[in-house]
Amino acid sequence: MEIWDNLPHLKTVLVTGGPTPENVLDFWEAVEKGSPDFQAIKTRADDPALIIYTSGTTGPPKGALHAHRTLLGHLPGVEFPHNFFPKKDDFFWTPADWAWIGPAEIEDCLMRHPSVAMAAVVGSPDKIRTEIVKAFIVLKPDVKLDPGIDVEIKDFVKVRLAAHEYPREIEFVDELPMTATGKIMRKELKKLEIERKSKA
């Protein structure tokens, strides 16, 4: 509660158990007051739907904003434990949600595009989604950097992986930072992105 004044857009805080300080709502009381009727509103596939937070085991926890299209993948995993074997006072928690993917899967997909010679994927800071997928790509020598090639590559990934996995930003570079043994130095790219976005 001590950080509330630093969050001007925060409107509601709910608790599922324990004391409810001033301006905090009890979740179950709020549910009981709700209408038994539910009317869905029309949304677009890319409209914001929910925020899922990382555990913070590798750094500060991050909230990733997911669009409505992502619910198609998330809901079955949530419904199964809640509808099949919940008990009173159960809490559902997972340290390894399927949506948290590593860069290798996306990089492998990018490398299958006929124009891509090398690819590196990192998380790039984003004001709306907290973090987005960004790809640094080296094109093959015979490929020209024509307008629209970035969109073509994004669409290539979209239809082969989950909708939220495609790189929302692509930067074409002449080379990637590599170690002496030939491994891509993603930390250097990540550091570069953080520095750039902090100055923007």
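## Close-up views of a predicted model

From the N terminus on, the elements of the protein chain follow the order β-β-α-β-β-α-α-β-β-α-β-α. Please keep in mind throughout that this is a predicted model.

**View 1. The whole chain, as a starting point.** Before zooming in, it helps to have the overall picture. The protein chain contains 5 helices and 7 strands. Of its 200 residues, 26% count as buried. The accessible surface of the chain comes to about 14,800 Å², and carbon and sulfur atoms account for 57% of that area. Among contacts with a separation of 6 or more, 47% are between residues 24 or more positions apart.

**View 2. The largest nonpolar core, with 17 residues.** The residues with the most contacts inside this core are Ile106, Leu110, Val121, Ala135, Ile137, Ile153 and Val157. At least two core residues come from each of four elements: helix H3 (103–111), strand E5 (116–126), strand E6 (130–139) and helix H4 (149–158). A second, separate core has 7 residues, including Ala120, Val122, Val173 and Leu189.

**View 3. The hairpin of strands E5 and E6.** These two strands run antiparallel and are joined by 10 bridges. Between E5 and E6 there are 3 residues. Look along the pair for valine 121, which stands opposite alanine 135 in E6. Both Val121 and Ala135 also appear among the residues with the most contacts inside the largest nonpolar core.

**View 4. The surroundings of alanine 135.** Which residues does alanine 135 touch, not counting those up to four places away in sequence? They are Leu110, Ala120, Val121, Pro167, Glu169, Ile170 and Glu171. Of these neighbours, Ala120 belongs to the second core of 7 residues, while Leu110 and Val121 belong to the core of 17 residues.

**View 5. A salt bridge between helix H5 and strand E6.** Lysine 190 forms a salt bridge with glutamate 131, and the closest N and O atoms are 2.5 Å apart. This pair links distant parts of the chain, since lysine 190 is in helix H5 (residues 186–199) and glutamate 131 is in strand E6, 59 residues apart. Lysine 190 counts as partly exposed because its relative accessibility is 23%. Glutamate 131, at 30% relative accessibility, is likewise counted as partly exposed.

**View 6. A salt bridge within helix H5, and the network around it.** Arginine 196 and glutamate 193 meet through their side chains in a salt bridge of 3.2 Å, N to O. Both residues lie in helix H5, 3 residues apart, which is about one turn of the helix. Is glutamate 193 buried or exposed? Glutamate 193 counts as buried, because its relative accessibility is 0%. Its partner arginine 196 is partly exposed, with a relative accessible area of 35%. Zooming out a little, a network of salt bridges links Lys134, Glu169, Glu171, Glu193, Arg196 and Lys197. Two members of this network, Glu169 and Glu171, are also among the residues touched by alanine 135.

**View 7. The pair of arginine 44 and aspartate 47.** Side chains of opposite charge can pair when their charged atoms come close. Here arginine 44 forms a salt bridge with aspartate 47, with 3.1 Å between the closest N and O atoms. Arginine 44 counts as exposed because its relative accessibility is 62%. Aspartate 47, in contrast, is buried, with a relative accessible area of 17%. For the model as a whole, the count comes to 10 salt bridges.

**View 8. Glutamate 165 in its loop.** This residue is found in the loop between H4 and strand E7 (169–172). Glutamate 165 is buried, because its relative accessible area is 5%. Where is proline 103 in relation to glutamate 165? The two are 62 residues apart in sequence and 9.3 Å apart in space, C-alpha to C-alpha.

**View 9. Asparagine 23 and its backbone angle.** Most residues other than glycine have a negative phi. Asparagine 23 has a positive phi of about 75°, although it is not a glycine. You can find asparagine 23 in the loop between E1 and strand E2 (24–26). Asparagine 23 is exposed, with a relative accessible area of 55%.

**View 10. A nonpolar patch on the surface.** Ile3, Leu7 and Leu10 make a nonpolar surface patch of about 230 Å². Isoleucine 3 has its place in the segment before strand E1 (13–15).

Methods
Residues numbered from 1 in each chain as written. Predicted model: local features only at pLDDT ≥ 70, side-chain atom pairs only at ≥ 80, totals over all residues. Heavy atoms only, no water. Core = buried A, V, L, I, M, F, W, Y, C linked by side-chain atoms within 4.5 Å. Buried < 20%, exposed > 50% of the residue type's maximum accessible area, 1.4 Å probe, protein only. Contact = heavy atoms within 4.5 Å. Patch = residues over 30% accessible without salt bridge, like charges linked within 9 Å, V, L, I, M, F, W, Y side chains within 5 Å. Areas by Shrake-Rupley, 256 points an atom, 1.4 Å probe, with all protein chains shown as cover. Salt bridge = Lys/Arg side-chain N within 4 Å of Asp/Glu carboxyl O. Pairing = 2+ DSSP bridges.
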